[in-house]
Amino acid sequence: MVLIPFQIDSQLAHPGVRIEDGVATKETNGGWVTLRATKCLSPVNHQWGVKILDQGEGTDGSGLMLGLLPTINSNVVSYGTKYISELGGWCFSRAGTPYGNWKIDPFPFGSGSVVEFDADFETNTVTVTSGREKAIGHIQSLRDIDIYPAFSVYYLNQKVAFV
């Protein structure tokens, strides 16, 4: 899989998160911060990856979400303290639990993982892989909306980057 080098949109408010050299680092404990890529997916730009440099101080399996976020409003400057699915998107937690209105098998990940995504706009599916693990998610409206790669962080010292 050839991954598109998406960049974190640093123009959106991201309280408690430092973005440096393409890496988002959570500098506070608690409070969701959702970050997305600067450009949306398309039939040409449909593959991307997320590297978990550090899952942070949480041990409960949540507190770190990876997924897709639809355009909410072109004037939005902050997502507040909500994670991806609370904003209308589709995601799964570090423990692998899916959130949002989609069907996907559990897909756990942790520090050191590179999670790769491949969106297929013709079939409304997203294939997710990490190492030998693979899952396919189904999103009914995938081809009909502008959608961005995204992640949400919660715990202190989480470090995440698009790759």
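This briefing describes a sheet, the aromatic residues associated with it, and two contacts between charges and rings. The model is predicted. Its open sheet is built from five strands in the order 3-11-5-6-7, with antiparallel pairing. F92, in strand 6, takes part in edge-to-face ring pairs with F107 and with F109.

**Sheet architecture**

- The edges of the sheet are strand 3 (33-36) and strand 7 (98-99), each of which pairs on one side only.
- Strand 5 (residues 64-70) is joined to strand 6 (residues 90-93) by four bridges in the antiparallel sense.
- Within this pairing, L66 has F92 of strand 6 as its bridge partner.
- Strand 5 also runs antiparallel to strand 11 (residues 147-153), and seven bridges join the two.
- In strand 11, Y148 is the residue that stands opposite L69.
- Seven of the seven residues of strand 5 are buried, so this strand is largely enclosed by the rest of the structure.

**Aromatic pairs around F92**

- Ten aromatic pairs are found in a search of the whole structure.
- In the pair formed by F92 and F107, the ring centres are 5.6 Å apart and the planes lie at 65°; the pair is edge-to-face because planes over 60 degrees apart count as such.
- F92 belongs to strand 6, whereas F107 belongs to the loop between strand 7 and strand 8 (114-120), so their pair ties together parts that are 15 residues apart in sequence.
- In the pair formed by F92 and F109, the centres are 5.8 Å apart and the planes lie at 75°, so this pair is likewise edge-to-face.
- F109 also lies in the loop between strand 7 and strand 8, so its pair with F92 of strand 6 ties together parts that are 17 residues apart in sequence.
- One aromatic cluster is formed by W48, F92, W102, F107, F109 and F117.

**Burial of the paired rings**

- F92 has a relative accessible area of 1% and is therefore buried, the cut-off being under 20%.
- F109 counts as buried at 6% relative accessibility.
- F107 is buried, as is its partner F92.

**Charges over rings**

- R36 places its charged end over the ring of Y148, at 4.0 Å from the ring centre.
- Y148 is also the residue of strand 11 that stands opposite L69.
- K39 has its charged end over the ring of F6, at 5.6 Å from the centre of that ring.

Terms used:
Residues are numbered from 1 along each chain as its sequence is written. This is a predicted model: local features need pLDDT of at least 70, side-chain atom pairs count only at pLDDT 80 or more; totals for chains, interfaces and linings use all residues. Side-chain values use heavy atoms; hydrogens and water are left out. Two strands pair if DSSP finds at least two bridges between them. Rings of Phe, Tyr and Trp (its six-membered ring) pair if their centres lie within 6.5 Å; planes under 30 degrees apart count as stacked, over 60 as edge-to-face and the rest as tilted. Buried means under 20% relative accessible area, exposed over 50%, partly exposed in between (1.4 Å probe, protein chains only). A charge sits over a ring if NZ of Lys or CZ of Arg is within 6 Å of the ring centre and within 35 degrees of the ring normal.
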